[in-house]
Amino acid sequence: MAQTHEERLASQKRYRDNNRDKIKEYGIKYRKENQEYIKRYREENRERNKEGSAKYYQDNIVEIKTKGKKWRDANKLRTKINTTKRRARRLNLPATLTVEEWEETLNLFENKCVYCGDDWEHMDHFIPSRHGGGYVKENIVPACGDCNKRKYTSLPEDFCGEERANEIKEMVAQ
């Protein structure tokens with residue numbers, strides 16, 4: 001007896017759910033072995049793919065935006081880090097900070113501002129991006145809103161004194 005369309009879809013979904021790792025490995029291997037073919041295909045079909053993506057977006061705009069907002073709300077810290085990393089890359093600065101590294105830094109400073117000890121509100125560039133400070137673990141520190149605004153683009157030595165600046169540098173360099 002032949003399967004109905006719904007039964008076939010359910011069977012395929014079960015297979016995918018039970019073989020995720022195997023399917024992922026196959027995809028990685030296929031893409032590695034067929035890089036040139038994939039590259040050529042994408043170049044030859046760029047306009048068609050662009051049109052298809054635009055049509056899909058227009059047909060599903062509400063669901064796409066809802067899903068995106070839901071993800072951003074559930075991943076506020078990751079969203080903030082990704083946004084700031086994009087900004088750093090636009091400025092040609094290193095951008096390697098991860099959520100895990102940021103959480104380590106917060107724990108290191110006990111979720112307090114490195115300058116005054118109040119609760120943190122901002123991810124501050126210890127060396128401002130204007131002075132070449134990248135978005136890396138050793139350069140992003142927690143700061144309260146007042147300190148972050150007052151510091152603005154000042155170098156740490158000018159803002160909190162050379163002794164405190166050196167203490168902070170040593171702590172984040174660990």
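Trp102 is buried in this predicted model, and its relative accessible area is 0%. The residue belongs to helix α7, which covers residues 99–108. Its aromatic partner is Trp120, whose ring centre lies 5.3 Å from that of Trp102. The two ring planes stand at 75°, and because planes over 60 degrees apart count as edge-to-face, the pair is given that description. Trp120 does not share the full burial of its partner: with a relative accessible area of 26%, Trp120 is partly exposed. Trp120 sits in the loop between α7 and β1, the latter being residues 122–125. The pair therefore ties a helix to the loop that comes after α7, joining parts 18 residues apart in sequence. In total, the structure contains 4 aromatic pairs.

Strand β1 leads on to a salt bridge. Asp124, in β1, is bridged to Lys151 in helix α8, which comprises residues 145–151. The closest N and O atoms of Asp124 and Lys151 are 3.5 Å apart. This contact links distant parts of the chain, with the two positions 27 residues apart in numbering. Asp124 and Lys151 are both buried, which means that each has under 20% relative accessible area.

The count of salt bridges in the structure comes to 10. Two others among them can be set beside the buried pair. In helix α3, the side chains of Glu44 and Arg40 form a salt bridge with an N to O distance of 4.0 Å. Glu44 and Arg40 are 4 residues apart in α3, so about one helical turn separates them. Glu44 is exposed, at a relative accessible area of 59%, while Arg40 is partly exposed, at 44%. The other bridge is between Lys76 and Asp73, with N and O at 3.9 Å. Lys76 has a relative accessibility of 57% and so counts as exposed. Asp73, at 39%, counts as partly exposed. Salt bridges also join residues into a network, made up of Lys13, Asp17 and Arg20.

The surface also carries a nonpolar patch, formed by Tyr26, Tyr30, Tyr37 and Tyr41. Together these four tyrosines have about 440 Å² of accessible area. Helices α2 (20–33) and α3 (35–44) each supply at least two residues of the patch. Tyr26 is in helix α2. Tyr26 counts as exposed because its relative accessibility is 57%, and the cut-off for that class is over 50%. Helix α3 thus contributes to the nonpolar patch and also holds the salt bridge between Glu44 and Arg40.

A second surface patch is positive, and its members are Arg86, Arg87, Arg89 and Arg90. Arg86 lies in helix α6, which runs over residues 76–90. The relative accessible area of Arg86 is 45%, so this residue is partly exposed. Residues of a patch take part in no salt bridge, and in this respect the four arginines of the positive patch stand apart from Arg40, which is bridged to Glu44.

How values were computed
Residues are numbered from 1 along each chain as its sequence is written. This is a predicted model: local features need pLDDT of at least 70, side-chain atom pairs count only at pLDDT 80 or more; totals for chains, interfaces and linings use all residues. Side-chain values use heavy atoms; hydrogens and water are left out. Rings of Phe, Tyr and Trp (its six-membered ring) pair if their centres lie within 6.5 Å; planes under 30 degrees apart count as stacked, over 60 as edge-to-face and the rest as tilted. Buried means under 20% relative accessible area, exposed over 50%, partly exposed in between (1.4 Å probe, protein chains only). Patches are made of residues with over 30% relative accessible area and no salt bridge: like charges are joined within 9 Å, nonpolar side chains (Val, Leu, Ile, Met, Phe, Trp, Tyr) within 5 Å. Accessible areas come from the Shrake-Rupley method with a 1.4 Å probe; for residues, only the protein chains shown count as cover. Lys and Arg count as positive and Asp and Glu as negative; His and the chain ends are not counted. The place of a charge is taken as NZ of Lys, CZ of Arg, CG of Asp or CD of Glu.
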